[in-house]
Amino acid sequence: MMKGNINQELTGRLRNNDIDAFNSLYWKYHAAIYNNALKIIRDPVIAEDIVQDVFITLWEKRNTLDPALDVSGWLFVVSHNKSISFLKQKLKESFLQSTLASPAEDTLYPPNDFSNSQVIILEQAIEQLSPQRRKVFELCKVQSRTYEEAARELKLSKHTVKEYLSGAVISIKEYIKKHPEYSTLWLYAFLF
């Protein structure tokens, strides 16, 4: 029996609330989903939490799954999305902490006026980056990796990482400038 057929059978059984089918999928994909999350998150404990969250979501959404589609692709998409959501939340928290820790004296808005719309603008600015610049920005700014660590992980030179990060920061600043209602000095402070 081919992999797709086995997964289709397991998905069909899962739709019928078969806990053994769920357990089979869990043990079949747990390690791969964990490794996928770990590549993005770089924290084993958080990666394991994401795996648990992915499989909770699988159980909650079991009745909406299409048995004709391979459930492994669904699992990887969900794990990727949950990992990225975690990084975005971490970015938001890091941004808020840096803003509260050292607010600029001449900001237009006090730190307690920090709004979700400002984070959304920052997230949109990051989303518009090329995939390589976004990855470097996430590693260096969100995950606080050194240039050397990012270079090793991405198999790039340290100089290339610096160039990508510099380009990402410039691009994000330009994006924020197009939204003057959000371009406060304390928003820029996070990018330095």
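Colleague: Let's begin with a term: buried means under 20% relative accessible area, exposed means over 50%, and partly exposed is in between, using a 1.4 Å probe and protein chains only. With that settled, what share of the 192 residues in the protein chain is buried?

Modeller: This is a predicted model, where local features need pLDDT of at least 70 and side-chain atom pairs count only at pLDDT 80 or more, while totals for chains, interfaces and linings use all residues. Residues are numbered from 1 along each chain as its sequence is written, and side-chain values use heavy atoms, with hydrogens and water left out. Of the 192 residues in the protein chain, the buried share is 41%.

Colleague: Thanks! How many helices does the protein chain have?

Modeller: Helices (H or I, at least four residues) and strands (E, at least two) are DSSP runs, numbered from the N terminus. The strand count is zero, and the elements run α-α-α-α-α-α-α-α-α from the N terminus on. For the helices, the number is nine.

Colleague: What percentage of the contacts with a separation of 6 or more joins residues 24 or more positions apart?

Modeller: Contact here means heavy atoms within 4.5 Å. Among contacts in the protein chain with a separation of 6 or more, residues 24 or more positions apart account for 63%.

Colleague: Now to the empty space. Which helix gives the most residues to the lining of the largest cavity?

Modeller: On a 1 Å grid over the protein atoms alone, a cavity is a set of points where a 1.4 Å probe fits but cannot get out, and lining residues have an atom within 4 Å of a point. The lining consists of Ile84, Leu87, Lys88, Leu91, Glu123, Ile126, Glu127, Glu138 and Val142. Helix H4 (71-101), helix H5 (116-127) and helix H6 (131-142) each supply at least two of these residues. With four residues, the top contributor is H4.

Colleague: And how much space lies in that largest cavity?

Modeller: The count comes to one cavity of 30 Å³ or more. Grid points are joined across faces, edges and corners, and a volume is the space filled by probe spheres set on the points. By that reckoning, the space in the largest cavity is about 80 Å³.

Colleague: How many charged residues are in its lining?

Modeller: Asp, Glu, Lys and Arg count as charged; Ala, Val, Leu, Ile, Met, Phe, Trp, Tyr, Cys and Pro as nonpolar; and the others, Gly among them, as polar. The lining has five nonpolar residues and no polar ones. The charged residues number four.

Colleague: H6 came up just now. How many of its twelve residues are buried?

Modeller: In H6, the buried residues are Arg134, Lys135, Val136, Phe137, Glu138, Leu139, Cys140, Lys141 and Val142. H6 is therefore largely enclosed by the rest of the structure, and its buried count is nine.

Colleague: On to charge pairs: which residue meets Asp53 in a salt bridge?

Modeller: A salt bridge is a side-chain nitrogen of Lys or Arg within 4 Å of a carboxyl oxygen of Asp or Glu, and a search of the whole structure finds six. Asp53 is partly exposed at 34%, and its partner, also partly exposed, has 23%. The N to O distance is 3.2 Å, and the partner is Lys82. Because Asp53 lies in helix H3 (residues 44-60) and its partner in helix H4, the pair ties together parts 29 residues apart in sequence, and that partner is Lys82.

Colleague: What is the N to O distance between Glu148 and Lys158?

Modeller: Glu148 is partly exposed at 36%, and Lys158 is partly exposed at 37%. Their side chains meet in a salt bridge, with an N to O distance of 2.8 Å.

Colleague: Which residues are linked with Glu9 in a network of salt bridges?

Modeller: Within this network, one pair meets at 2.9 Å, N to O. Both of its members are partly exposed, Asp18 at 22% and Arg13 at 28%. Linked with Glu9 in the network are Arg13 and Asp18.

Colleague: One last residue: is Ser83 buried or exposed?

Modeller: Ser83 sits in helix H4, where a polar atom of its side chain lies 2.8 Å from the backbone oxygen of Ser79. Leaving out residues up to four places away in sequence, Ser83 touches Ala37, Ile40, Ile41 and Ile50. With a relative accessible area of 0%, Ser83 is buried.

Note on methods: On a 1 Å grid over the protein atoms alone, a cavity is a set of points where a 1.4 Å probe fits but cannot get out, and a pocket is an open set with protein on both sides within 12 Å along at least five of seven lines; lining residues have an atom within 4 Å of a point. A polar contact is a pair of N or O atoms within 3.5 Å; within protein, one must be able to donate a hydrogen and the other to accept it, and residues adjacent in sequence count only if both atoms are side-chain atoms.
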